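Ready to practise reading a protein model? Work through the exercises below with the structure open beside you, and try each task before you look at its solution.

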Amino acid sequence: MNIKTVKNDIVVSGVKCLDLDLTLDCGQAFRWEKQDDGSYSGVAGGYFLNIAKAQNGDLIFHNTTEDSFDSFFRNYFDLDKNYEKICETLKQDDLLSSTIDEYYGIRILNQEPWEALCSFVISQQNNIKRIKLIISRLCRAYGDEVANGWYTFPTAERLATLCEDDFNALGCGYRSKYLVRLAQGVASGEIDLQKIKSLPLEEARKELLNIYGVGIKVANCALLFGFQFYSAFPVDVWMKRVMEYYPNGLPECFDGIEGIAQQYLFHWARQNL
């Protein structure tokens, strides 16, 4: 991987296995919007970013400083992880071998625990379009503007001042009562997200399941996408259909990277089942 600054942009070459469409619009993050030129714009970690992929494969982080790239976006896009090697390992499974060849470039984003957990609480019994709409309203109402029309994800402390009616006004519905309790718990320190992140997987999952309104699917999604537990394996209606292809359980080549395998299988299921 080679990194250079060109005018106000950071240009990264040599990154394997990163397709912007498959990564930013696959249901793991809800704040990225595809632009007319094929690039994506969004806010993560308090930073606004427009990212594009050039024809030669270079990633272009537009109007990005070296500091924000090194301190946040390099880890957010997990640019130092060898996804090429991971994909070769997963391709020992017949179904994933053809799936990875067809949909090569899905990568797990390293999202912040608070935003990921809130987002997946909102995602319950919801579709991606509506999840994005609710989160956009939430950020516009209670986040800080960092670029023209682009807002940060609100802090737990800010959301802890709200009541159920405030969340209802954004379209959160029955999830409003969950979000009130979650924000208050995190803001007060009763729910310690950094501590949860430091625990072994099973203990971390148990802690999340103790949170009001967090079930097994939300817990596993948060663990994978917000707490960097790559062995977490979320199962929804699509993945239940996929599991019919694995009557004897997941293959050994998935060990430790079940969550990355899940993203490929989830995308395959949505396209083919």
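## Exercise 1: Strands side by side

Valine 43 stands opposite phenylalanine 48 in strand 5. Keep in mind that you are looking at a predicted model.

**Task.** Find how many bridges join strand 4 to strand 5, and then work out the order of the strands in the open sheet.

**Solution.**
- Step 1. Look at strand 4 (residues 40–44) and strand 5 (residues 47–53): they run antiparallel and are joined by 5 bridges.
- Step 2. Now widen the view to the open sheet, which has 6 strands in the order 1-2-6-5-4-3, paired antiparallel.
- Step 3. Check the edges. Strand 1 (2–6) and strand 3 each pair on one side only, which makes them the edge strands.
- Step 4. Look at the twist: on average, neighbouring strands of this sheet are turned by 20° against each other, direction ignored.
- Step 5. Finally, find what packs on the sheet. Helix 2 (residues 66–76) does, touching strand 1, strand 2 (9–13), strand 3, strand 4, strand 5 and strand 6 (59–62). The direction of helix 2 makes about 70° with that of strand 5.

## Exercise 2: Following valine 11

**Task.** Which residue is the bridge partner of valine 11 in strand 6? Follow the pairing on from strand 1 to get there.

**Solution.**
- Step 1. Start with strand 1 and strand 2, which run antiparallel and are joined by 5 bridges. Here lysine 4 has valine 11 of strand 2 as its bridge partner.
- Step 2. Look at the hairpin of these two strands: there are 2 residues between strand 1 and strand 2, and lysine 7 takes a positive phi near 55°.
- Step 3. Move on to strand 6, which pairs with strand 2 in the antiparallel sense over 3 bridges. The partner of valine 11 in strand 6 is isoleucine 60.
- Step 4. Ask how enclosed strand 2 is. Because 4 of its 5 residues are buried, strand 2 is largely enclosed by the rest of the structure.

## Exercise 3: The two sides of a helix

**Task.** Which residues of helix 4 are buried, and why do they line one face of the helix?

**Solution.**
- Step 1. List the buried residues of helix 4 (residues 94–102): Leu95, Leu96, Thr99 and Ile100.
- Step 2. Look down the axis of helix 4. The buried residues fall within an arc of 120°, so they line one face.
- Step 3. Turn to the face away from the buried side, where you will find the exposed residues Asp94 and Glu102.
- Step 4. See what covers the buried residues of helix 4: the cover includes helix 3 (83–90) and helix 14 (258–272).

## Exercise 4: Charged pairs

**Task.** The structure holds 6 salt bridges. Take the pairs of lysine 132, glutamate 202 and lysine 81, and say where the partners sit.

**Solution.**
- Step 1. Lysine 132 pairs with aspartate 25, with the closest N and O atoms 3.0 Å apart. This pair links distant parts of the chain, 107 residues apart: lysine 132 is in helix 6 (residues 128–142), and aspartate 25 is in the loop between helix 1 (20–24) and strand 3 (32–34).
- Step 2. Use the relative accessible areas, remembering that partly exposed lies between 20% and 50%. Lysine 132, at 21%, is partly exposed, and so is aspartate 25, at 40%.
- Step 3. Glutamate 202 pairs with arginine 205, and their closest N and O atoms are 2.8 Å apart. Both are in helix 11 (residues 201–209), and being 3 residues apart there, they are separated by about one helical turn. Glutamate 202 is exposed at 56%, whereas arginine 205 is buried at 13%.
- Step 4. Lysine 81 pairs with aspartate 78, with 3.9 Å between the closest N and O atoms. Lysine 81 is partly exposed at 28%, while aspartate 78 is buried at 8%.

## Exercise 5: Into the core

**Task.** Which residues have the most contacts inside the largest nonpolar core, and what does leucine 182 touch?

**Solution.**
- Step 1. The largest nonpolar core has 73 residues, and those with the most contacts inside it are Leu90, Trp114, Leu117, Leu182 and Leu208.
- Step 2. Leaving out residues up to four places away in sequence, leucine 182 touches Trp114, Leu117, Cys118, Val121, Ile191 and Ile211.
- Step 3. Another core, of 21 residues, lies apart from the largest one; among its members are Ile10, Ala29, Trp32 and Phe61.

How values were computed
Residues numbered from 1 in each chain as written. Predicted model: local features only at pLDDT ≥ 70, side-chain atom pairs only at ≥ 80, totals over all residues. Heavy atoms only, no water. Core = buried A, V, L, I, M, F, W, Y, C linked by side-chain atoms within 4.5 Å. Buried < 20%, exposed > 50% of the residue type's maximum accessible area, 1.4 Å probe, protein only. Contact = heavy atoms within 4.5 Å. Salt bridge = Lys/Arg side-chain N within 4 Å of Asp/Glu carboxyl O. Axes fitted to C-alpha atoms, helices over the stretch in contact; angles between N-to-C directions. Arc of directions from axis to C-beta.
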